[in-house]
Protein chains: 2
Amino acid sequence: MKFEPITIKDIAKALGLSTSTVSRALRDGYEISAETRRIVLEYAEKINYQPNPIALSLKERRSHSIGVIVCEIANNFFSQAINGIESIAYNSGYHVIITQSHESAGREVINLKHLASRSVDGLLVSLSSETNDISHFKELHDKGLPIVFFDRVTNDIYTHKVIANNFKGAFDATEYLINSGCRNIAHLTASAHLSITKERLDGYKEALRKYHIPFREEYVQYCNHGGMIQDEMERAVNSLIELENQPDSIFAANDKLTTGCLLALKKSDPAVASSIKITGFTNSNLTELFATSLTSVRQPAFEMGQIATSLLIELIESKRPVTDFQTRVLDTEMIIKNKVVAVS
Amino acid sequence: MKFEPITIKDIAKALGLSTSTVSRALRDGYEISAETRRIVLEYAEKINYQPNPIALSLKERRSHSIGVIVCEIANNFFSQAINGIESIAYNSGYHVIITQSHESAGREVINLKHLASRSVDGLLVSLSSETNDISHFKELHDKGLPIVFFDRVTNDIYTHKVIANNFKGAFDATEYLINSGCRNIAHLTASAHLSITKERLDGYKEALRKYHIPFREEYVQYCNHGGMIQDEMERAVNSLIELENQPDSIFAANDKLTTGCLLALKKSDPAVASSIKITGFTNSNLTELFATSLTSVRQPAFEMGQIATSLLIELIESKRPVTDFQTRVLDTEMIIKNKVVAVS
DNA sequence: TTGAAAGCGCTAACAA
DNA sequence: TTGTTAGCGCTTTCAA
């Protein structure tokens, strides 16, 4: 039943050569006569020989694959980033293995171990919102496994990082709300220890400061599941609505939070909902279809994926240990919508 | 630099045993004394021994991984299906390798070869909209590689299939439009040779027939890139709008086509756009945020992924060749929206 | 109950 | 230029 692939041995036998000669011929080896080489290549082509990558992995201790850990592929930012990752990886001969943490630190560790044991040559990681202990990553990194972080990064591991200019993106979004007349601007964000949470919060604060608007702790709502759980977002949004000093706007810190916030508002009192302006980070390409006017901050997800992958492959293929690591910061883009919609 | 994992040899040396004994102990073997076994297991646990899955793959000629080929992960239906796939696969000890065809038949073949050579134990496939030659799949399947098709299936390979009740879903959607007063119902669909295209077209036709509405060839627009290319959809939508007998509604056949159609209409004359009712297959969970009223047909994507994976694992682990294949058909769900929106 | 040895497919050091 | 051999980590006959 099971199919028997052609091996180097088959070729050797058929051609009356040794396996090593065949291997050399195939491998573009130097110690080989042009004639033998031609014969082998021709025959291999004819019988459609495919080298067994598993045997190669075992031998070379590398798999020509890179592992990816993200929280969710059903998230526009990450699916776009993955497309960027693939575009570079495939062109460089690497296979991409995608895993999802679903924002769970435990699942992240399982995926990490799985990928490591499968001997991926390197790792592309965006941390889960639950992660605050990165020792598992550190351990593998210290042992020599190349890792590049993107989007949700950590400062505790010295390696390449690729992030959006979260500070500026958040600043711009907040400033936009201020310029639209908002003064009571709330901030809906993910768990506090995430790098993007800090950076975006700082941008938000800085915009308030610039316009002499006092920062209010109660206007910041943290969703520790990063938007995975609609209930959590609804509770957060409702607690904002119920504040004595009801916000006139909300700046949401990521994709899921932005749409989750809109959904939560839609469920609430329409009068309240329509009086609250929303801005948020999102890479959805459906925002123009939304009933609510939504000005959004878009991250260059595809490029981030590409750059992270290029950096990772550089690390993997570097002959000497790399000691000079960089953090690439890419600009976000504001997508301003002025659609005015009346819901009857 | 590169880290040296612990091998069975290390354990054998440390414990003064042979590698085969250690292997037996680890593998729950029978020919082993309880005592030796305990010692080995204890030590392995202590030094955190992890078997090398690559060596195992080479030996056993199986990888404990399953390959997935879909057109796009940035598509709600597929990302949800993948979550279903993962949920079953991980619980059964299988790793999932996701690849995207981006609706390209060429890319599909490359992915297929890649996965096959990586010796995945089985394949979960939803065909690209460009695919009409499935001989590559057939070849591998004939050689004994288990394949389960889902969503976009083929009748040319005798194996398990998991699909939604596309006929009924399309019928319901069309009937809904008819019951809403529409009589000139257009159909925006993917390439003609796709299984889902045929099934959904048939459902659409049957609804028309039931209500004695003549079927008009010019009302059916095929997008051969299945919605990957916005331009193509816009051309299709515009050619519908420009018909002498302008449709009063459009039934879109898949996720991308549904949102693409809405986007295309939004770009066109607002008067025209607002006079055309849209229904479509989609698994987006953002439809309630849309300005346009959209009644949609939702596929049980997660369950479809789960069932397809269970069937595949059954095939993989079956001792004897399976000859009795099934096609599982799951019901779709109509999500009716009556939101009335006035766009100013 | 244990160990020695072969072999999965491939590469590479060493010999010829 | 080619062949022989060992070995990557593991399982599994076959002997002991």
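**Exercise 1.** In this predicted model, find which residues of helix H5 of chain B are buried, and describe the helix and its two ends.

*Solution.* Begin with burial, for which a residue must have under 20% relative accessible area. The residues of H5(B) that meet this limit are Phe77(B), Phe78(B), Ser79(B), Gln80(B), Ala81(B), Ile82(B), Asn83(B), Gly84(B), Ile85(B), Glu86(B) and Ala89(B). Next take the length: H5(B) covers residues 76-91, 16 residues in all, and spans 23 Å from its first C-alpha to its last, close to the expected 22 Å. Then turn to the N-terminal end, which is capped by Asn75(B), with a side-chain oxygen of this residue 3.0 Å from the backbone nitrogen of Phe77(B). Finally, look past the helix to Gly93(B), which follows H5(B) and has a positive phi, near 80°.

**Exercise 2.** Describe the contact between chain B and chain A, giving its extent, its polar links and the elements of chain B that take part.

*Solution.* Start with the extent: each chain gives 59 residues to the contact, and the two chains bury about 5400 Å² between them, with 61% of this area on carbon and sulfur atoms. Next consider the links across the interface, where there are two salt bridges, one of them joining the side chains of Lys266(B) and Glu288(A) at 3.8 Å, N to O, as well as 10 residue pairs in polar contact. On the side of chain B that touches chain A, the elements giving two or more residues are helices H4, H5, H6 and H11 and strands S2 and S13. Last, sort the residues of that side by kind, which yields 27 nonpolar, 19 polar and 13 charged.

Definitions and conventions. Residues numbered from 1 in each chain as written. Chains lettered and ligands numbered in written order. Predicted model: local features only at pLDDT ≥ 70, side-chain atom pairs only at ≥ 80, totals over all residues. Heavy atoms only, no water. Helix = DSSP H or I, 4+ residues; strand = E, 2+ residues; numbered from the N terminus. Expected span 1.5 Å × (residues − 1). Buried < 20%, exposed > 50% of the residue type's maximum accessible area, 1.4 Å probe, protein only. Polar contact = N/O pair within 3.5 Å; in protein donor to acceptor, adjacent residues only side chain to side chain. Contact = heavy atoms within 4.5 Å. Buried area = accessible area lost by both parts, 1.4 Å probe. Salt bridge = Lys/Arg side-chain N within 4 Å of Asp/Glu carboxyl O. Nonpolar A, V, L, I, M, F, W, Y, C, P; charged D, E, K, R; others polar.
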